[in-house]
Amino acid sequence: MTRARFILSALLAAMTMLGAAFHPAFAEDQRSAGGMLAWPREEMVRALGIFVPERMKRLDVPGASVAIVSDGAIIYSATFGKADRGSDAPVTPATLFEAGEIGETVAAYAALGLVQDKLLFLDAPLSRDLAKPWLRNADDNRLVTLRQVLTHTSGLPDNAAHPGRSTRFAPGTRFSHSAVGFLYLQHVMEAVSGERIGELMSKRVFEPLGMESSGFVIRAADRANLARGYVPLSFPVLLFYVPFGASALLVLALVWGVVRFGLQRRIEPGDLLWPLTAGLVFAVSVVWYGLGLAHGAFVIATSVAYALAVGFLGGVIYYIFQLVGVISSRDGVISRGREASEGAALGYSLALAFAISLLFFEWMLGVPRFSRLGLDSAPNVARSFRTNAGDMAHFMIGFLDGKGVGEALRARMLAERVEVEPPYGWGLGIGIRTDASGETLWARGSRMGFESLMVMDPARRAGVIVLTNSREGSALAQDVARNVFGLNGSWTLP
């Protein structure tokens, strides 16, 4: 009995210490101690093995892959959860995640390799070696440089789904993230190298750094390893119905004004066709323009299915109202009394159905893997990067050592920066956060159903990569990075 009590007390003490380790105050205490990087490796592995699954459960993140490097070596690599809840497939070291904008940092590294070989120049117009200008405006072609694209000061827009080829402000005057700038860079890199972007990246980054599975073009052999992204039901529904509701209400106000003061009558059911049509057209346009065909179709289909489900549930509730006698005729004028009673009951039924649907707003939906279907599969350095944690660990090691570009040019990536907003700056293709503990480098990736974060500390030659297949995974990634480095704050643009 005494021995059992001793074991129980030891377990409780260990759990208490572990819980304290991830308390917000702990990160503050660990600032001077260097975070989990300063822990004995066994303790770090054990702590992350408990903390990550617990946070995934709380945030409802299906799967994650984490790798940590220190002093130029991989010291931790682990996978958690499911790559696809539908098939119950687990996340494995080979599982590929959509890493979004992290691909821009990887492409920037390749571009600096072209700078080293004098195929590109930081302050020369990117259009100098193009047979045909890519940008619409002659001044833009003359002014936009590689430096401006890498520091997101080119003035080009950020919509990679429907890229506009004209600047929105004078190049070089301020910071504004631009996915289109990197599409422009992709076009120029292909032109000056004479290679497609997939071949170029393989030769200059993936193969030299040991990134065996990463790419902007998914290979047939790797399609089975693609994770499925997940978003809460609220995400596509709000994305569609917020612009729908705003435009419908605006048109409804106009229709009411015309009917009330112009035609001098009350609004009739047929008058509602105008705001409903306007709302539908506007919402479809916004979603399609912002997300493109594939993801736009997913959002629209989900929103329509949601509306049908609410309508069906409202119909069931209305039928129940009829059965229990909630709907009944009034004394007096039966037709008027019955019409009012049924109309109110129908309204209550739909309102109740909508209220019930809110209980399912956090239900996670699987996003179709369009690249498996041959859709959304064109190489795009701003949004089609797919990788795993092991490959990104090799990238961080190569980056910290300046492999492929040289230490001098890698140092310029950090030194030649633009200010964003304290404590953030942006170097030549990578974010920089400066605080009392020094500088950390970072890149964050976001695709529908995926959130990723890479953070590096050049002073310690250390880094962490967290890949998740959930829109809710950003909080998990930030938590892991904070505890690994022993830092507060976050790595995200203000």
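How many strands form the open sheet, and in what order do they lie? Keep that in mind as you open the model, which is a predicted one.

**Stop 1: the whole chain**

Start with everything shown in cartoon style. The chain has 494 residues, and 48% of them count as buried. Its secondary structure comes to 14 helices and 13 strands. Now switch on the surface: the chain exposes about 23500 Å², with carbon and sulfur atoms supplying 61% of that area. Among contacts between residues at least 6 apart in sequence, 68% join residues at least 24 apart.

**Stop 2: the sheet**

Back to the opening question. Nine strands form the open sheet, in the order E3-E2-E1-E13-E12-E11-E10-E9-E8, and their pairing is antiparallel. To find the edges, select 89-90 for strand E3 and 418-421 for strand E8; each of these pairs on one side only. Strands of a sheet pair through backbone hydrogen bonds, so a display of those bonds is a handy way to follow the pairing.

Stay at the E8 edge and add residues 424-426, which make up strand E9; three bridges join E9 to E8. One pair to pick out is valine 418, whose bridge partner in E9 is tryptophan 426.

**Stop 3: two hairpins in a row**

Travel to the other edge and select strands E1 and E2, which pair in the antiparallel sense over eight bridges. Click on serine 65 and you can look across to its bridge partner in E2, threonine 79. The hairpin of E1 and E2 has two residues between the strands, and aspartate 71 there takes a positive phi near 55°.

Next, go from E2 to E3, where two bridges join the antiparallel strands. Lysine 82 stands opposite proline 90 in E3. These two strands also form a hairpin, this one with four residues between them, and aspartate 88 in the turn has a positive phi of about 65°.

While you are in that loop between E2 and E3, select glycine 86. Is glycine 86 buried or exposed? Glycine 86 has a relative accessible area of 72%, so it is exposed, as the cut-off for exposed is over 50%. Now add glycine 366: the two glycines are 280 residues apart in sequence, yet 8.2 Å apart in space, C-alpha to C-alpha.

**Stop 4: the helix on the sheet**

Select residues 41-59. This is helix H3, which packs on the sheet and touches strands E1 (63-70) and E2 (73-84). The direction of H3 makes about 20° with that of E2. H3 has 19 residues and reaches 26 Å from its first C-alpha to its last, close to the expected 27 Å.

Show the side chains next. The buried residues of H3 include Met44, Ala47, Leu48, Phe51, Val52 and Arg55. An α-helix has 3.6 residues a turn, so residues three or four places apart point the same way. Just after H3 comes aspartate 60, with a positive phi near 60°.

**Stop 5: the nonpolar cores**

In soluble globular proteins, nonpolar side chains tend to be buried together. Here the largest nonpolar core has 71 residues, and those touching the most other members are Leu120, Leu185, Met189, Met201, Val205, Phe395 and Phe399. Select 102-116 as well: this is helix H4, which gives the most to this core, with ten residues.

Zoom in on phenylalanine 399, whose contacts include Tyr109, Arg410, Met413 and Ile430. Finish at a second, separate core of 34 residues, with Met36, Met56, Ala462 and Val466 among them.

Definitions and conventions: Residues numbered from 1 in each chain as written. Predicted model: local features only at pLDDT ≥ 70, side-chain atom pairs only at ≥ 80, totals over all residues. Heavy atoms only, no water. Pairing = 2+ DSSP bridges. Contact = heavy atoms within 4.5 Å. Axes fitted to C-alpha atoms, helices over the stretch in contact; angles between N-to-C directions. Core = buried A, V, L, I, M, F, W, Y, C linked by side-chain atoms within 4.5 Å. Buried < 20%, exposed > 50% of the residue type's maximum accessible area, 1.4 Å probe, protein only. Expected span 1.5 Å × (residues − 1). Areas by Shrake-Rupley, 256 points an atom, 1.4 Å probe, with all protein chains shown as cover.
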